[in-house]
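Subject: The structure you asked for

Hi,

Here is the structure to look at before we next talk. Have it open on your screen while you read, and my notes follow below.

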Amino acid sequence: MTRHQVLRQALREGRLLTAMAAHNPMAAVLAEQAGFDAIWGSGFELSASYAVPDASILSLSVHVEMMRAIAARVSVPVIADIDTGFGNAVNVAYVLPQFEAAGVSAVVMEDKHFPKDTSLREQGRQELLAIETFQGKIAAAVAARRDPDLVVVARVEALIAGLGQAEAQRRARAYVQAGADAVLIHSKQKTPDEILDFVQAWDGSAPLVLVPTAYPQLRESDIAALKKVGIVIYGNHAIRAAVGAMREVFARIRADGGIAGVDAQLPAVNDIIALQGDAGMRELEQRFLR
């Protein structure tokens, strides 16, 4: 099966897939080696890696090329965070084939205005589109895909915007009617109660996607037991881990005035070389260099 088919079949069968965020191919390779079922091509992580806000600042080409680079280095499905689709429904019709050509198996698009503001920012600008407008964007994405197995996920931001459960349910149902294959329901509450209320009330017309960044108490076994969730995404843990590790190491080097104290704690250079695909290059050298 293709990676698209692997992802779609898992959603169809009700198996819970785990997706780890990545902001570059190295993070994606490490996530696959750790045993995650898919890679989340996180817009937040990508923006953070460029040290700019997650607010529709990076260009479409930067997003697409990073997804292409990630998809080329892993064998598991890549789920692309395409934010608001880089414009209106017409933009989406042009954007989706570019992500598809980059090798992603799913796209996630959210129902905010362009340019967006990141969902978890305190007192962020959470402005949602009219339901009918976002239905048009979902329909445009579905019509633009060339492989029918590519998954289109509608991300509902009603709970993030403080609009309540009824509005979140209304939007989710409308987006499925417009052709969405799955619904990502997001929350920034510090407990999973709000999400659990949504899941309990959900009619099951499409599988759900959860991102438990703000409510880490909800474990995979708990999510699987809900019987309505197809994917759990760990949305920003790669960049947070990288930032934490770099801060610690950099501070230690400055405090010590050298690298002797940290060197033994770091992965060996040969480990990094192996992760870069050195074995494959050596094989090519043996076969083709004369």
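Which residues of S1 sit on one side, which on the other, and are they buried or exposed? One face carries Leu-17, Ala-19 and Ala-21, the other has Thr-18, Met-20 and Ala-22, and all of these are buried. Keep in mind that this is a predicted model. The pattern of sides fits a general rule: in a regular strand, side chains alternate between the two faces of the sheet. Strand S1 covers residues 17-22, and six of its six residues are buried, so the rest of the structure largely encloses it.

Now for the neighbours of S1. Strand S8 (residues 229-234) pairs with S1 in the parallel sense, over four bridges. In that pairing, Met-20 stands opposite Tyr-234. S1 also runs parallel to strand S2 (residues 38-41), joined to it by four bridges, and here Ala-19 is opposite Ala-38. To get from S1 to S2, the chain passes through helix H2 (residues 25-34), making a right-handed β-α-β crossover.

Tyr-234 is worth a second look. Its relative accessible area is 17%, which is under the 20% cut-off, so Tyr-234 counts as buried. The structure has four aromatic pairs, and one of them joins Tyr-234 to Phe-36: the ring centres are 6.0 Å apart with the planes at 70°, so this pair is edge-to-face. Phe-36 is in the loop between H2 and S2 while Tyr-234 is in S8, so the pair links distant parts of the chain, 198 residues apart.

Another edge-to-face pair is Phe-134 with Tyr-175, with centres 4.7 Å apart and planes at 65°. Phe-134 belongs to helix H6 (residues 131-144) and Tyr-175 to helix H7 (residues 164-177), so this pair ties together parts 41 residues apart in sequence. Phe-134 is buried at 0% relative accessible area, and Tyr-175 is buried at 0% too.

Last stop: Glu-45, in helix H3 (residues 43-49). What is the nearest side chain of opposite charge to Glu-45, and how far away is it? That would be Arg-240, at 7.8 Å, and Glu-45 has no salt bridge although it is buried. Glu-45 does have other partners. Its side chain makes a polar contact of 2.7 Å with the side chain of His-23, and also reaches the backbone nitrogen of Ala-238 at 3.0 Å.

Have fun clicking around!

Methods. Residues numbered from 1 in each chain as written. Predicted model: local features only at pLDDT ≥ 70, side-chain atom pairs only at ≥ 80, totals over all residues. Heavy atoms only, no water. Buried < 20%, exposed > 50% of the residue type's maximum accessible area, 1.4 Å probe, protein only. Helix = DSSP H or I, 4+ residues; strand = E, 2+ residues; numbered from the N terminus. Pairing = 2+ DSSP bridges. Right-handed = clockwise from strand over helix to strand, strands pointing away. Phe/Tyr/Trp six-rings, centres within 6.5 Å; stacked < 30°, edge-to-face > 60°. Lys, Arg positive; Asp, Glu negative; His and termini not counted. Salt bridge = Lys/Arg side-chain N within 4 Å of Asp/Glu carboxyl O. Polar contact = N/O pair within 3.5 Å; in protein donor to acceptor, adjacent residues only side chain to side chain.
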